Amino acid sequence: MRKAVHMAVTSVIVGLVVSGCGGGDDGKKESKPSGGATKATRAAQQSPSSAPSARGTIMERSAGSWKSIVAAKSDDDLATLTIADGKVTAKGPKLDCTGTLEPGQKGGEDEPSLTLSCKGGSDGGRGRGTVGMKGDDALAINWKGPEGGFGGPVDSFRRAG
């Protein structure tokens, strides 16, 4: 029963974190090109970034550099995450982690798994987790946690850059 309740609470938390938890525009307005901008300038501003398209798999879309949405408060928090060609590096105040991202599916949905090995302190209940994304700029990792436990932490990231 506890495990089912924990899974439900974790799912709600992941949903909130990945959705952005409250706007996040901080009162900033998007800049618009001036009236004198040329067609080439407007085309360059509207061209897709080097980030993968939202139409790809999570493995494809997750490639790049990521920054945690919360400031690292303890030694076992992750601050940055980099994914390239299935290889993963993650760093925190005292952690230095490496690992792999492997394709996977659950219930017919794309759900890759991430395995990390950390040096420099406790891994904070990480080790193996599943990766989910909302759009191209929000990534969350739901960690399995220790054996026999109620699950691990959830790390949420925004694309860096």
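**A tour of salt bridges, core and disulfide**

Start by selecting Asp 137 and Arg 159, whose side chains form a salt bridge with an N to O distance of 3.5 Å. Asp 137 sits in the loop between strand 8 and strand 9, and Arg 159 belongs to strand 10, so this pair ties together parts 22 residues apart in sequence. Asp 137 is partly exposed because its relative accessible area is 43%, and the range for that class runs from 20% to 50%. Keep in mind throughout that this is a predicted model.

How many salt bridges are there by the distance rule? The count comes to four. Two more of them are on this tour.

Move next to Arg 61 and Asp 136. Their side chains meet in a salt bridge at 3.4 Å, N to O. This pair links distant parts of the chain: Arg 61 is in helix 3 (residues 58-61), while Asp 136 is in the loop between strand 8 (128-134) and strand 9 (138-143), 75 residues apart. Both Arg 61 and Asp 136 are buried.

Now select Arg 126, in the loop between strand 7 and strand 8. Is Arg 126 buried or exposed? Its relative accessibility is 9%, so Arg 126 counts as buried, the limit being under 20%. Show Asp 155 as well: the side chains of Arg 126 and Asp 155 meet in a salt bridge, 2.8 Å from N to O. Because Arg 126 lies in the loop between strand 7 (113-119) and strand 8, and Asp 155 in strand 10 (residues 154-159), the pair ties together parts that are 29 residues apart in sequence. Asp 155 is buried too, as is Arg 126.

Stay on the side chain of Arg 126 and add Asp 76. A polar atom of that side chain lies 2.6 Å from the backbone oxygen of Asp 76. Leaving out residues up to four places away in sequence, Arg 126 also touches other residues, including Leu 78, Leu 95, Trp 143 and Pro 153.

For the nonpolar interior, select Leu 81, Leu 114, Leu 116, Leu 139 and Ile 141. These have the most contacts inside the largest nonpolar core, which has 19 residues. Strand 2 (80-84), strand 3 (87-91), strand 4 (96-102), strand 7, strand 8 and strand 9 each give two or more residues to this core. In soluble globular proteins, nonpolar side chains tend to be buried together.

Centre the view on Leu 139. Which residues does Leu 139 touch, not counting those up to four places away in sequence? Among them are Trp 66, Leu 81, Ile 83, Val 131, Met 133 and Phe 157. Asp 155, seen above with Arg 126, is also one of the residues that Leu 139 touches.

Go on to Cys 97 and Cys 118, which form a disulfide with sulfur atoms 2.1 Å apart. The count of disulfides comes to one. The link of Cys 97 and Cys 118 is right-handed, with 105 degrees about the S-S bond. Cys 97 lies in strand 4 and Cys 118 in strand 7, so the pair ties together parts 21 residues apart in sequence. Both Cys 97 and Cys 118 are buried.

Finish on Thr 100, which is in strand 4. Thr 100 is partly exposed, at 27% relative accessible area. Its C-alpha atom is 5.5 Å from that of Thr 115, with the two positions 15 residues apart along the chain. Beyond its neighbours within four places in sequence, Thr 100 is in contact with Gly 86, Lys 87, Val 88, Ser 113, Leu 114 and Thr 115.

Note on methods
Residues numbered from 1 in each chain as written. Predicted model: local features only at pLDDT ≥ 70, side-chain atom pairs only at ≥ 80, totals over all residues. Heavy atoms only, no water. Helix = DSSP H or I, 4+ residues; strand = E, 2+ residues; numbered from the N terminus. Buried < 20%, exposed > 50% of the residue type's maximum accessible area, 1.4 Å probe, protein only. Core = buried A, V, L, I, M, F, W, Y, C linked by side-chain atoms within 4.5 Å. Contact = heavy atoms within 4.5 Å. Disulfide = S-S within 2.5 Å. Polar contact = N/O pair within 3.5 Å; in protein donor to acceptor, adjacent residues only side chain to side chain.
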